[in-house]
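Let's walk through this structure together, starting with its charged pairs and moving on to its helices, strands and core. Keep the 3D view open as you read.

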Amino acid sequence: MNDIGMIVQEYAHNPINNYEIKEPDAYYQEGNPLCGDGINVFLKIDEKGYIKEFSFSGDTSMVTTAAVSLFAEEISGYHIDDVLSLDYNFMKELGFEVSERRKRSAVLGLLATRNAIHQYKNDGQTDDFDDLIDD
């Protein structure tokens, strides 16, 4: 089994931060119509704009669950403005490089997080998969 296969197996069976934060500062529900995944992300944000806590729930595939779990390990402590610049390349840097048809699964949690931040900031923006994946 290659490295990505091991990552998917480990994180899909032992997801990190797979729960719903009570009274989150930011929340967003995102879907991937190609595979039917649906995810909810929850954020606690401190007064300076740093993520204190991140969690997720939803009906997700093994690849999406693994990707968002890996993402969850990294995101705590990030400033929300920095998260808005993250894309699929960030997931690749974490070792989560997948085939072309799985890229949406790899970034679904990140996409939902960016959109939760946009809502939190009330900046009138909404990102989509094209904003995170260079084809």
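In this predicted model, the side chains of Glu-100 and Lys-103 come together in a salt bridge, with N and O 3.2 Å apart. Lys-103 counts as buried, because its relative accessibility of 13% falls under the 20% cut-off. Arg-114 makes another salt bridge, this one with Asp-127, and here the closest N and O atoms are 2.8 Å apart. Since Arg-114 belongs to helix H5 and Asp-127 to the loop between H5 and helix H6 (129-132), this pair ties together parts that are 13 residues apart in sequence. Both partners are buried: Arg-114 has a relative accessible area of 7%, and Asp-127 has a relative accessibility of 10%.

The count of salt bridges comes to 3, so there is one more pair to visit: Asp-81 and Lys-121, whose side chains meet with an N to O distance of 2.5 Å. Asp-81 sits in helix H3 and Lys-121 in helix H5, so this bridge ties together parts that are 40 residues apart in sequence. In this pair Asp-81 is partly exposed at 40% relative accessibility, and Lys-121 is partly exposed at 37%.

Now look along helix H5 itself. H5 covers residues 103-121, and its 19 residues should span 27 Å at 1.5 Å a residue; the C-alpha atoms at its ends are 27 Å apart, which agrees. There is nevertheless a kink of about 35° in H5, centred on Gly-109. Most of this helix is covered, with 15 of its 19 residues buried. Just past the end of H5, Asn-122 adopts a positive phi of about 55°.

Helix H2 (residues 62-75) makes a good next stop. Its 14 residues reach 20 Å from the first C-alpha to the last, close to the 20 Å expected. H2 is mostly covered as well, with 11 of its 14 residues buried; among them are Val-63, Val-68, Leu-70, Phe-71 and Ile-75. What does the covering of these buried residues include? Helix H1 (3-13), strands E2 (37-45) and E3 (51-59), and helices H3 (80-83), H4 (88-93) and H5 all take part. Just after H2, Gly-77 takes a positive phi of about 95°.

Strand E2 brings us to the sheet. E2 is mostly covered, with 7 of its 9 residues buried. On one side, strand E1 (residues 26-32) runs antiparallel to E2, and 7 bridges join them; Tyr-28 has Val-41 as its bridge partner in E2. The hairpin of E1 and E2 has 4 residues between the strands, and Gly-36 there takes a positive phi near 85°. E2 also pairs with E3 in the antiparallel sense, over 8 bridges, with Gly-38 standing opposite Asp-59 in E3. That hairpin has 5 residues between its strands, and Gly-49 in the turn has a positive phi of about 95°.

Finally, turn to the core. In soluble globular proteins, nonpolar side chains tend to be buried together. Here the largest nonpolar core has 41 residues, and those with the most contacts inside it are Val-41, Leu-43, Phe-54, Phe-71, Met-91 and Phe-96. Phe-54 makes a nice viewpoint: leaving aside neighbours within four places in sequence, its contacts include Tyr-19, Val-41, Leu-43, Val-68, Phe-71, Ile-75 and Thr-113.

Terms used. Residues numbered from 1 in each chain as written. Predicted model: local features only at pLDDT ≥ 70, side-chain atom pairs only at ≥ 80, totals over all residues. Heavy atoms only, no water. Helix = DSSP H or I, 4+ residues; strand = E, 2+ residues; numbered from the N terminus. Expected span 1.5 Å × (residues − 1). Bend = angle between axes of the 7 residues up to and from the residue. Buried < 20%, exposed > 50% of the residue type's maximum accessible area, 1.4 Å probe, protein only. Contact = heavy atoms within 4.5 Å. Core = buried A, V, L, I, M, F, W, Y, C linked by side-chain atoms within 4.5 Å. Pairing = 2+ DSSP bridges. Salt bridge = Lys/Arg side-chain N within 4 Å of Asp/Glu carboxyl O.
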